[in-house]
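Student: I should like to learn how to read the features of a protein model. Could you guide me through an example?

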Amino acid sequence: MIEEVATVSALYDGGVEVVCFSKSACGQCKQNSQCGTGIVSKALPGRDHRFIIATDLPLTINQQVRIGIPEHSLIGSALLVYLLPLLLLLGGALLASAGFGMGDGGTLAGAAVGGFIGFVLASRWAKGNNRLQTEPVIISSILSVTNID
């Protein structure tokens with residue numbers, strides 16, 4: 001399970017809205033002042049990600065919770081979105097080049113058609129595939145610490 005800490009931002013009947021902020025890993029090394037990527041990551045603000053999660057836990061606004069996404073779901077989604085179009089792109093290029101004996105222009109056209117078909121198939125399969133649970137779930141609530149003086 002891939003986990004992240006999120007903050008409850010709104011309460012709904014049967015669910016909550018949580019927000020978590022993405023932090024760039026860049027800028028943590030000693031080269032961050034000389035690296036172009038480190039400079040860009042400092043200039044751009046972090047993004048917040050909002051999710052509505054069904055739960056019946058008694059949570060309050062601004063309470064922190066631990067959310068998670070199953071690893072197999074993330075890996076399956078990545079394979080579907082990246083690998084399928086890439087394989088069909090390469091297959092289209094090989095088919096146009098070797099199968100039909102086309103030149104470089106035909107190979108590029110075959111690659112473009114194969115890649116487009118791969119993206120369309122990945123999109124349709126992802127929409128109709130209920131086996132991949134990509135929605136986060138609340139694993140646990142984090143107890144808030146109060147100052148006792």
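Tutor: Let us begin with a helix, bearing in mind that this is a predicted model. Helix 2 covers residues 71–99, which is 29 residues. From its first C-alpha to its last it reaches 39 Å, close to the 42 Å expected at 1.5 Å a residue.

Student: Where does helix 2 bend, and by about how many degrees?

Tutor: The bend is at L80 and amounts to about 30°. L80 is also one of the buried residues of helix 2, among them S73, S77 and P85.

Student: Against which elements do the buried residues of helix 2 pack?

Tutor: They pack against strand 4 and against helix 3, residues 104–128.

Student: How many salt bridges does the structure hold, and how should I read such a feature?

Tutor: Side chains of opposite charge can pair when their charged atoms come close. This structure holds one salt bridge. The side chains of E3 and R66 form it, at 3.8 Å from N to O. The pair links distant parts of the chain, 63 residues apart: E3 belongs to strand 1 (residues 2–12) and R66 to strand 4 (residues 64–69).

Student: Why does E3 count as partly exposed?

Tutor: Partly exposed lies between the cut-offs of 20% and 50% relative accessible area. E3 counts as partly exposed because its relative accessibility is 41%. R66, with a relative accessible area of 29%, is partly exposed.

Student: Which residues does the UniProt annotation "transmembrane region" cover?

Tutor: According to the unreviewed UniProt entry, that annotation covers residues 79–102 and 108–126. In the model, residues 108–126 are 100% helix and 0% strand, and the end C-alpha atoms of this span lie 27 Å apart.

Key
Residues are numbered from 1 along each chain as its sequence is written. This is a predicted model: local features need pLDDT of at least 70, side-chain atom pairs count only at pLDDT 80 or more; totals for chains, interfaces and linings use all residues. Side-chain values use heavy atoms; hydrogens and water are left out. UniProt positions are given in the numbering used here, feature names are shortened, and annotations may be inferred rather than shown by experiment. Helices (H or I, at least four residues) and strands (E, at least two) are DSSP runs, numbered from the N terminus. A salt bridge is a side-chain nitrogen of Lys or Arg within 4 Å of a carboxyl oxygen of Asp or Glu. Buried means under 20% relative accessible area, exposed over 50%, partly exposed in between (1.4 Å probe, protein chains only). The expected span of a helix is 1.5 Å times one less than its number of residues. The bend at a residue is the angle between axes fitted to the seven residues ending there and the seven starting there. Contact means heavy atoms within 4.5 Å.
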